[in-house]
Amino acid sequence: MSRVLLFTGKGGVGKTTLAAATAATLAAHGRKALVVSTDPAHSLGDALDVRLGAAPSEVDGADGLFACQIDPRGLVDDAWGDLRGHLRTVLAGAGVDELDAEELTVLPGVEELLALAEVRRLAAAGPWEVVVVDCGPTAETLRLLSLPEAFAGYLERLFPTHRRVVRGLLAGVAGTGTVEKWDATADALSRLAERLDALRSMLADPSSCSVRLVLTPERVVAAETRRTLTALALQGIRVDSVIANRLVPSPGPARGAAATWLRTRRHEQDAVLAELTGIGEIRTVDHRASEPVGVTALLEVAAQLYGDEDPLPGAAVSESLLEVSGSGRGLDARYSLRIALPLADDTELDLARVGDDLALTVDGRRRLVALPSLLRRCIVTGAEMDSAGVTVGFRPDPALWR
């Protein structure tokens, strides 16, 4: 399977240009690369200066560089239309009102989900070593990357895995014909569930997929980048690079009003980048006098972005999200659970125990963290937060400890 690089960032920061530049330089160095856009803005073709369709095609004058623009509407018509029709028939046959059945089968985010599934299909089936994805703006991307898990949960609630129970229920209320239709529908749902599992596996595997965050050195953009890093960490998705785009060139010792403006602006940008501590190395790209359009101009951008380094380094093993430590024995033992997350000083954090899980909500984004078996028999005693994560304290529950 091809390596997948997802480029995202706040709208207007230049992620499309940097995604196209990365793919172009990979191809120029002998690696077959596909750059594909899931962004509804459809600006990837403009950056490459070519017309793009839904099917990958090689870019003229760039051996080994392929590109396409995913058509989510077409994917919905091809992959979801028939299944949705089957579901409406089954629900109506089981006594669900026709209008309710129509609403129940309009699943939120299905277009974006199928676009992501198409990315995985291209990565698995194509001759490319790398698939570079120009994603939509950050908020859209976070929603997109959370869809496989959310969608799978929706299907599980609406159409449980235990098909025999549902089949027996339908047999009692709707007759054999509806049961046969359910079997066909359940088979289709099973195939969809398998695709969702494959998507989740790809996104969570740092050797298969990683994110590159693009920002411009502005405080509002930098703040959103920090929140995005935290949200992606919550979802178990690895960020392998942060890129600061459009740095104003330093005027050096030059004098005059223009030089003063450039020097002041660059000083402000450097100050913003200096405040982005704790997120590793930040690559930088200067603001260019002319818009980089076409493969030649994109290769110039890539040369500054990566220099002599490999644009596709070997995937390092991600830092573990959870780490357990403890001291003492029996009921006198004390344990701590370290949850590694990049957090800002103004992060809003909430923790709650939900059965064998810890419900972690960061700036309104919630994730259930499965507790290790040892801590399931413990009581939460408190929590502390710093810029690198959260430490939760536990002590044994006398009622459960054996």
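Here is a walk through this structure, from the whole chain down to single residues.

Keep in mind from the start that this is a predicted model. The protein chain has 11 helices and 15 strands. Of its 402 residues, 44% are buried. How do the contacts spread along the sequence? Take the contacts in the chain with a separation of 6 or more: residues 24 or more positions apart account for 68% of them.

Now let's look inside. In soluble globular proteins, nonpolar side chains tend to be buried together. Here the largest nonpolar core has 76 residues, and the ones that touch the most other members are Val-4, Leu-6, Phe-7, Leu-48, Leu-65 and Val-132. Pick Leu-48 and see who its neighbours are. Leaving out residues up to four places away in sequence, Leu-48 touches Ala-20, Val-35, Val-59, Leu-65, Ala-67, Gly-294, Val-295 and Leu-298. Apart from the largest core lies another core, this one of 19 residues, including Ile-339, Leu-360, Leu-371 and Val-392.

Some of those neighbours of Leu-48 lead us to a pair of helices. Ala-20 is one of the residues that α1 brings to its contact with α11, while Val-295 and Leu-298 are among those from α11. Which way do the two helices cross? Helix α1 covers residues 15-28 and helix α11 covers residues 295-306; their axes are 8 Å apart, at an angle of about 90 degrees. The two are therefore roughly perpendicular to each other. If you want to trace the contact yourself, follow Thr-17, Leu-18, Ala-21 and Ala-24, among others, on the α1 side, and Leu-299, Val-301, Ala-302 and Tyr-306, among others, on the α11 side. What sort of residues are these? The contact has 12 nonpolar residues, 3 polar ones and no charged ones.

Next, the rings. Search the whole structure and you'll find 1 aromatic pair. Its partners are Phe-66 and Trp-128, which sit edge-to-face, with 6.1 Å from centre to centre and 70 degrees between the planes. Phe-66 belongs to strand β4 (residues 65-69), and Trp-128 is in the loop between α5 (110-125) and β5 (130-137), so the pair ties together parts that are 62 residues apart in sequence. Both Phe-66 and Trp-128 are buried.

Time for a look at the backbone. Most residues other than glycine have a negative phi. Asp-49, though not a glycine, has a positive phi of about 65 degrees. You'll find Asp-49 in the loop between α2 (44-48) and β3 (57-58). Is Asp-49 buried or exposed? Its relative accessibility is 58%, so Asp-49 counts as exposed. Asp-363 also isn't a glycine, and has a positive phi of about 50 degrees. Asp-363 is in the loop between β12 (357-362) and β13 (365-370). With a relative accessible area of 33%, Asp-363 is partly exposed.

Finally, here are two residues in helices. Thr-230 is in helix α9 (residues 219-234), and at 5% relative accessibility this threonine counts as buried. What does Thr-230 touch? Not counting residues up to four places away in sequence, Thr-230 touches Leu-341, Pro-342, Leu-343 and Val-362. Asp-270 lies in helix α10 (residues 257-275), and its 36% relative accessibility makes it partly exposed. Asp-270 and Val-248 are 22 residues apart along the chain, and their C-alpha atoms are separated by 9.8 Å.

Terms used:
Residues numbered from 1 in each chain as written. Predicted model: local features only at pLDDT ≥ 70, side-chain atom pairs only at ≥ 80, totals over all residues. Heavy atoms only, no water. Axes fitted to C-alpha atoms, helices over the stretch in contact; angles between N-to-C directions. Helix = DSSP H or I, 4+ residues; strand = E, 2+ residues; numbered from the N terminus. Parallel < 35°, antiparallel > 145°, perpendicular 65-115°, else oblique. Contact = heavy atoms within 4.5 Å. Nonpolar A, V, L, I, M, F, W, Y, C, P; charged D, E, K, R; others polar. Phe/Tyr/Trp six-rings, centres within 6.5 Å; stacked < 30°, edge-to-face > 60°. Buried < 20%, exposed > 50% of the residue type's maximum accessible area, 1.4 Å probe, protein only. Core = buried A, V, L, I, M, F, W, Y, C linked by side-chain atoms within 4.5 Å.
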